[in-house]
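Welcome, and thanks for opening the viewer. Keep a selection box handy, and we will walk through the model one stop at a time.

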Amino acid sequence: MRYVNNKNRTHPRHLHLINDSPRVTNMDRPAIRKMSEQDLLEVMSIEQESFPNPWSLSSFQSELRENELAHYYSLVFQGKVIGYMGYWVIYDEAHITNLAIGLEYRSKGWGEYLLRTIMYHCVRTGIARMTLEVRVSNEIALRLYHKLGFATMGVRPRYYSDNQEDALIMWVTL
Ligand SMILES: CC(C)(COP(=O)(O)OP(=O)(O)OC[C@H]1O[C@@H](n2cnc3c(N)ncnc32)[C@H](O)[C@@H]1OP(=O)(O)O)[C@@H](O)C(=O)NCCC(=O)NCCS
């Protein structure tokens, strides 16, 4: 596969909520901003509590410094990184590489907020579809993805090296 260099795309530092709830004000709503290397200490802490095989610090650094296909965003609440998400842009597709919300901030709607906002941003920047891989056992993530319109289109058998678990390949047309 040949990768497209999308360095001409521009990305705003802040994205905006599309499904604004009247119950949520700017004061108590997290901001979404481009991930910087200063965020990585907090990102690593969330990464380690979120995944059995967490990415290393150098993986995140290389994504931010060297990968021109990569787009990473931090979800920030009261000055603290509480979640993040990343994807690669390949042709008109966004391949989600990572998504996590800090343990104490889960099940409050922020994962959905972050993913929905990025999906909207992708629509605005010409992305036609999005894809991701998810563990077959990750019921919470699967519910989120189904809720936002993702459908299972394939399986990668024994994709995860820690327990040989299968990955579901999901796609959504934007
Ligand atoms: C998956 C993850 C990002 C979801 O973020 P979140 O902020 O906890 O989820 P939200 O509160 O936005 O909930 C969105 C939907 O997810 C599902 N969900 C969230 N928490 C749930 C729970 N405790 N039980 C069942 N479903 C749940 C629901 O479908 C929910 O929609 P609903 O509230 O209308 O029912 C988060 O749980 C996480 O970081 N998990 C660990 C890392 C991970 O698995 N990442 C995905 C890798 S593919």
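Before the first click, one definition: two residues are in contact if their C-beta atoms, placed from the backbone, lie within 7 Å. With that in hand, 56% of the contacts in the protein with a separation of 6 or more are between residues 24 or more positions apart. Please keep in mind that this is a predicted model.

**Stop 1: the whole chain**

Show everything as a cartoon. You should find 4 helices and 7 strands, and from the N terminus on they follow the pattern β-α-α-β-β-β-α-β-α-β-β. Of the 174 residues of the protein, 25% count as buried.

**Stop 2: the sheet**

Now select the strands alone. They make an open sheet of 7 strands in the order β1-β2-β3-β4-β5-β7-β6, with mixed pairing. At the edges stand β1 (31–34) and β6, each with a single partner strand, so one side of each has no neighbour in the sheet. On average, neighbouring strands here are turned by 30 degrees against each other, direction ignored.

**Stop 3: strand β3 and its two hairpins**

Select β3 (80–90). This strand is mostly covered, with 8 of its 11 residues buried. On one side, 8 bridges join β3 to β2, and the two run antiparallel. To see one of the pairs, pick V76 and look across to its bridge partner in β3, V81. The hairpin of β2 and β3 has 2 residues between the strands, and Q78 in the turn has a positive phi of about 50 degrees.

Then move to β4 (93–101). β3 and β4 also run antiparallel, joined by 8 bridges. Here V89 stands opposite A94 in β4. This hairpin has 2 residues between its strands, with Y91 taking a positive phi near 55 degrees.

**Stop 4: Y84**

Stay in strand β3 and show Y84 as sticks. Is Y84 buried or exposed? Y84 counts as buried because 26 C-beta neighbours lie inside 10 Å, where 20 or more are needed.

Which residues touch Y84, leaving aside its neighbours within four places in sequence? They are M35, V43, I46, Y72, Y73, S74, L75, N98 and A100. Draw a distance line from Y84 to V43: these two are 41 residues apart along the chain, yet their C-alpha atoms are separated by 7.2 Å.

**Stop 5: the nonpolar core**

Widen the view to the largest nonpolar core, which has 34 residues. Those with the most contacts inside this core are Y73, Y84, M85, A94, L114 and I118. Color by element and you can trace where the core comes from: α1 (40–50), β2 (70–77), β3, β4, α3 (110–124), β5 (129–135) and β7 (167–173) each supply at least two of its residues.

While α3 is on screen, look at how this helix is placed. α3 lies across β1, β2, β3, β4 and β5, and runs at about 35 degrees to β3.

**Stop 6: out to the edge at β6**

Next, select residues 151–156, which are strand β6. How many of its 6 residues are buried? The count is 0, and the strand is hardly covered. β6 pairs with β7 in the antiparallel sense, over 5 bridges. Two pairs to click on are R156, opposite A167 in β7, and V155, whose bridge partner in β7 is L168.

**Stop 7: a helix residue, S58**

Jump to helix α2 (residues 57–66) and pick S58. S58 is exposed, because its C-beta atom has 9 others within 10 Å, and 12 or fewer is the limit for that label. For a distance check, pick L40 as well: S58 and L40 are 18 residues apart in sequence and 10.0 Å apart in space, C-alpha to C-alpha.

**Stop 8: around the ligand**

For the last selection, show the 18 residues around the ligand. Those that come nearest are R106, G111, E112, R143 and L144. Which helix gives the largest share of this shell? It is α4, with 5 residues. β4, α3 and α4 (139–147) each supply at least two residues of the shell. Color the shell by residue type and you get 8 nonpolar, 5 polar and 5 charged.

How values were computed. Residues are numbered from 1 along each chain as its sequence is written. This is a predicted model: local features need pLDDT of at least 70, side-chain atom pairs count only at pLDDT 80 or more; totals for chains, interfaces and linings use all residues. A nonpolar core is a set of buried Ala, Val, Leu, Ile, Met, Phe, Trp, Tyr and Cys residues joined through C-beta atoms within 7 Å. Two strands pair if DSSP finds at least two bridges between them. A residue is near a molecule or strand if its C-beta atom, placed from the backbone, lies within 6 Å of it. Ala, Val, Leu, Ile, Met, Phe, Trp, Tyr, Cys and Pro count as nonpolar, Asp, Glu, Lys and Arg as charged, and the others, Gly among them, as polar. Axes are lines fitted to C-alpha atoms, for helices over the stretch in contact, and angles run from 0 to 180 degrees between N-to-C directions.
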